[in-house]
Amino acid sequence: MTLDSLVELSDEEKLYILQRFDQFRQWRSLDEKRYCLVCGEIITGREIRVIRETSGKEPQRVTCPTEGCDAIPWEWAQPTDDVLIKIAMVELECRHLRLITRAGRALRSSTHKKTGTRSAETRPEPPFG
Ligand SMILES: [Zn+2]
């Protein structure tokens, strides 16, 4: 890690910084939401981290508030209905997939027992006479 530290800011200051760092989309208030394309979370302007080096006076960058995610403003999309629907669908799909894998595991363990009886069926019949 570097010597970067989080900066405590007033709402006005933070909004001003967001407007300055995010040249791609407009910030009108800290309550605006963005969809982070990197971690897939919805974040608000209030949650976004402002980071500066301990030696510097000016903030260095703004990043995604999600732990382990260092996404920067151009990786944040405005959460239109379209995006929100897509997120909901992905979540549903994940849940669906988990169910399928669980069912698949149960199925495999039940078919496993049957394989032992196979040799009895294939025993050749005794020849006549
Ligand atoms: Zn993120």
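This is a short dialogue on how to read the sheet and the core of a predicted model.

Reader: How many helices and strands are there in the protein, and what pattern do they follow along the sequence?

Author: The protein has three helices and six strands. Read along the sequence, the pattern is β-α-β-β-β-β-β-α-α.

Reader: Which elements have the lowest and the highest mean pLDDT?

Author: Helix H3, residues 118–121, has the lowest mean, 56, and strand E3 has the highest, 95. Across the protein the average is 83, and 83% of the residues score at least 70.

Reader: What is the order of the strands in the open sheet?

Author: The order is E3-E2-E6, three strands with antiparallel pairing. Strands E3 (42–44) and E6 (76–77) are the edges, each pairing on one side only.

Reader: How many bridges join E2 and E3?

Author: Three bridges join E3 to strand E2, residues 33–36, in the antiparallel sense. One of the residues to look at is tyrosine 35 of E2, whose bridge partner in E3 is isoleucine 42. The two strands form a hairpin with five residues between them. In that turn, glycine 40 has a positive phi of about 75°.

Reader: And on the other side, which residue in E6 stands opposite cysteine 36?

Author: Tryptophan 76 in E6 stands opposite cysteine 36. E2 and E6 pair over two bridges, again in the antiparallel sense.

Reader: Which residues of E2 are on the covered face, and which on the uncovered one?

Author: The general idea is that side chains in a regular strand alternate between the two faces of the sheet. In E2, Arg34 and Cys36 make up the covered face. Lys33 and Tyr35 make up the uncovered face.

Reader: Which residues form the largest nonpolar core?

Author: In soluble globular proteins, nonpolar side chains tend to be buried together. Here the largest nonpolar core has 10 residues: Ile17, Leu18, Trp27, Cys36, Ile43, Ile48, Val62, Cys64, Ala71 and Trp76. Cys36 and Trp76, both in that list, are the residues that stand opposite each other in E2 and E6.

Reader: Which residues does leucine 18 touch, leaving out those up to four places away in sequence?

Author: Leucine 18 touches Trp27, Gly45, Ile48 and Val62. Trp27, Ile48 and Val62 are also listed in the core.

Reader: What share of the 129 residues is buried?

Author: Buried residues make up 11% of the 129. As for contacts with a separation of 6 or more, 54% are between residues 24 or more positions apart.

Technical notes:
Residues are numbered from 1 along each chain as its sequence is written. This is a predicted model: local features need pLDDT of at least 70, side-chain atom pairs count only at pLDDT 80 or more; totals for chains, interfaces and linings use all residues. Two strands pair if DSSP finds at least two bridges between them. Helices (H or I, at least four residues) and strands (E, at least two) are DSSP runs, numbered from the N terminus. pLDDT is the predictor's confidence in each residue, from 0 to 100. A nonpolar core is a set of buried Ala, Val, Leu, Ile, Met, Phe, Trp, Tyr and Cys residues joined through C-beta atoms within 7 Å. A residue is buried if 20 or more other C-beta atoms lie within 10 Å of its own, exposed if 12 or fewer, and partly exposed in between; C-beta atoms are placed from the backbone. Two residues are in contact if their C-beta atoms, placed from the backbone, lie within 7 Å.
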